[in-house]
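Got the viewer open? Here is a tour of places to select, one after another, with a few words on what is there.

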Amino acid sequence: MPDAVVELRVPVRAWVVVFAGTTVNLCLGILYAWSVWKANLVGSAQHPAGTAMGGLNEGWVYLTDAQATWAYAICGITFAIFMIPGGLLQDRLGPRLGATLGGLFLGCGCILAGLGRSYSALVAGFGVLGGIGMGLGYAAATPAAVKWFGPHRRGLVAGLVVGGYGAAAIYISPAAKYLIVNFGISASFIGLGIFFAIVIVTVGQLLAVPGSEHRPYSSGASVADATSANRSITQEQWSARSMIGTWQFYAMLFLFVASAQSGLLVIANAAPILNETARGVGFLAANAWLLASFGGFVNAAGRVGTGMYSDKIGRRSAYLVNGLAAVACLLLTPTIMRSGSVPLLFLAVGVAYWQYGGGLSLMPAMTADFFGTNDLGIKYGLVFLGWGIAFLVPQLAGYVRDVTGTLDYAFYLSGFLMLLAVVLSRVVRRPADAHAQTSPK
């Protein structure tokens with residue numbers, strides 16, 4: 001079949017869907033500000049774990065590092081699991097229902113965490129209900145937007161939409177800090193939960209998938225010319241069932257695990273890391289949320305930036321560039337923390353956030369490249385399980401820190417996993433089109 005050459009203009013509706021998906025993710029991304037809550041929940045020498053809090057936080061008790069990280073990890077794992085039914089929902093009934101349910105689950109989960117004033121309510125509300133909401137909402141946003149565009153813009157569009165999730169920490173971190181200081185931990189969860197529910201449900205109604213008559217627009221050249229760096233793009237549409245029968249699917253799972261765990265480790269500990277490094281700088285030690293907000297900005301920029309250059313140099317090459325830089329910074333982070341150099345810490349953490357954000361734009365684009373855009377919701381939902389598995393690394397780091405008092409070994413493990421994935425990225429190729437199974441799932 002000859003390559004299609006179509007007009008340059010992209011329909012306005014396509015960009016409206018991109019805007020809506022980005023806005024939905026700007027609310028779902030509360031997970032990336034978790035270190036702000038963690039810094040206020042974890043006990044210290046003055047307030048050991050298990051002792052009661054007072055004042056605005058009366059009813060809460062201080063937690064261990066591992067306990068606080070479990071709420072974060074359970075949220076992420078639940079998120080990843082519910083990407084699968086969320087993807088099915090998006091593929092079968094469209095993205096609006098998924099976004100609506102996502103907003104309601106996230107809002108109710110945050111409210112439950114605030115009203116419960118306990119560790120069990122935190123896990124059930126933020127961890128389980130919040131994770132369900134994130135999975136359903138995220139699965140509605142990204143595939144819907146990607147389907148409107150051709151391969152030459154697939155990386156950019158995925159980066160813009162998922163960039164909203166990363167950018168959420170830019171405003172949620174200072175907002176959470178302000179609410180916690182002035183109104184308490186419970187009020188911070190309740191206030192943000194109500195806000196997120198209203199915004200997601202409202203903006204989610206703008207999400208839509210293109211009709212069967214829509215053909216993604218090219219740049220005016222053939223698809224082959226427009227994607228010369230990504231010649232691994234499939235010419236067939238794989239079913240989800242046939243996809244999981246390929247070794248490439250499992251390779252992509254590991255690529256996702258490695259890419260995600262390095263960023264999640266930093267995200268879970270951003271505020272404590274800055275507290276430890278900047279002990280001699282009173283302002284920074286008292287405002288450790290700055291590192292989380294900075295990370296949110298770089299995280300979002302990494303998604304858009306990586307998406308753009310992956311359209312030019314290819315997904316695998318982009319993974320290589322990002323991964324090698326992240327390996328170096330992860331291995332150096334313990335030394336930088338001991339040195340007390342805040343500028344170097346921001347640089348190292350920035351690279352880790354960029355790589356992590358870039359992975360979240362590369363993986364949906366790579367899934368579409370390897371296995372086609374039909375039923376992309378469920379296919380990407382299955383690949384996204386790698387992101388959920390990655391939460392085991394920061395959870396392990398929480399136990400390591402409780403025992404050893406340091407995160408050094410966690411950073412070394414994270415760097416090693418990232419290095420293995422970089423090597424694998426040079427080997428993995430799309431399944432041959434001739435072997436594609438196009439039968440219904």
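Start with the empty space inside this predicted model. Rolling a probe the size of a water molecule over the atoms shows where such space is left. How many cavities of 30 Å³ or more are there? The count comes to one, and about 40 Å³ of space lies in this largest cavity. To find the spot, select Glu276, Met337, Arg401, Thr406, Leu407 and Asp408, which line the largest cavity. Try colouring that lining by residue type: two of the residues are nonpolar, one is polar and three are charged.

Keep Arg401 selected for a moment. Arg401 sits in helix α17, which covers residues 392-404. Is Arg401 buried or exposed? With a relative accessible area of 18%, Arg401 is buried, because the cut-off for that label is under 20%. Now show what surrounds Arg401. Setting aside residues up to four places away in sequence, Arg401 touches Asp65, Asn269, Pro272, Glu276, Thr406 and Leu407. Glu276, Thr406 and Leu407 are also among the residues lining the largest cavity.

Zoom out for the overall picture. The chain has 18 helices and zero strands, so a cartoon view is a handy choice here. Of its 441 residues, 60% count as buried. The accessible surface comes to about 16000 Å², and 68% of that belongs to carbon and sulfur atoms. What about contacts between residues at least 6 apart in sequence? Of these, 86% join residues that are at least 24 apart.

For a covered helix, select α15, residues 376-383. Eight of its eight residues are buried. They are Leu376, Gly377, Ile378, Lys379, Tyr380, Gly381, Leu382 and Val383.

Next, turn on the aromatic side chains. A search of the whole structure finds 22 aromatic pairs. Pick out Trp34 and Trp37: their ring centres are 6.4 Å apart and their planes meet at 25 degrees, so this pair is stacked. Where do the two sit relative to each other along the chain? Both belong to helix α2 (residues 34-41), and being three residues apart they are separated by about one helical turn. An α-helix has 3.6 residues a turn, so residues three or four places apart point the same way. Trp34 is buried, with a relative accessibility of 0%, and Trp37 is buried too, also with 0%.

Then select Phe79 and Tyr165, an aromatic pair that is tilted, with 5.7 Å from centre to centre and 45 degrees between the planes. This pair links distant parts of the chain: Phe79 is in helix α3 (residues 65-93), while Tyr165 is in helix α6 (residues 151-183), 86 residues apart. Phe79 counts as buried at 1% relative accessibility, and Tyr165 is likewise buried at 1%.

Leave those two showing and add Tyr72, Tyr138, Phe256, Tyr380, Phe384, Trp387 and Phe391. Together with Phe79 and Tyr165, these residues form one aromatic cluster. Tyr380 is one you have met already, among the buried residues of α15.

Stay with helix α6 and select Val157, which is found there. Val157 counts as buried, at 0% relative accessibility. Which residues does Val157 touch, not counting those up to four places away in sequence? The answer is Val18, Ala145, Val146 and Phe149. Draw a distance from Val157 to Thr22 as well: the two are 135 residues apart along the chain, yet their C-alpha atoms are separated by 9.9 Å.

Two loop stops remain. Select Gly43, found in the loop between α2 and α3. Gly43 is partly exposed, at 26% relative accessibility. Its C-alpha lies 5.6 Å from that of Leu63, although the two are 20 residues apart in sequence. Apart from neighbours within four places in sequence, Gly43 is in contact with Pro48, Ala49, Tyr62 and Leu63.

Finish at Arg117, in the loop between α4 (95-116) and α5 (119-146). What is its phi? Arg117 has a positive phi of about 50 degrees, although it is not a glycine. Most residues other than glycine have a negative phi. At 30% relative accessibility, Arg117 counts as partly exposed.

Methods: Residues are numbered from 1 along each chain as its sequence is written. This is a predicted model: local features need pLDDT of at least 70, side-chain atom pairs count only at pLDDT 80 or more; totals for chains, interfaces and linings use all residues. Side-chain values use heavy atoms; hydrogens and water are left out. On a 1 Å grid over the protein atoms alone, a cavity is a set of points where a 1.4 Å probe fits but cannot get out, and a pocket is an open set with protein on both sides within 12 Å along at least five of seven lines; lining residues have an atom within 4 Å of a point. Grid points are joined across faces, edges and corners, and a volume is the space filled by probe spheres set on the points. Ala, Val, Leu, Ile, Met, Phe, Trp, Tyr, Cys and Pro count as nonpolar, Asp, Glu, Lys and Arg as charged, and the others, Gly among them, as polar. Buried means under 20% relative accessible area, exposed over 50%, partly exposed in between (1.4 Å probe, protein chains only). Helices (H or I, at least four residues) and strands (E, at least two) are DSSP runs, numbered from the N terminus. Rings of Phe, Tyr and Trp (its six-membered ring) pair if their centres lie within 6.5 Å; planes under 30 degrees apart count as stacked, over 60 as edge-to-face and the rest as tilted. Contact means heavy atoms within 4.5 Å. Accessible areas come from the Shrake-Rupley method with a 1.4 Å probe; for residues, only the protein chains shown count as cover.
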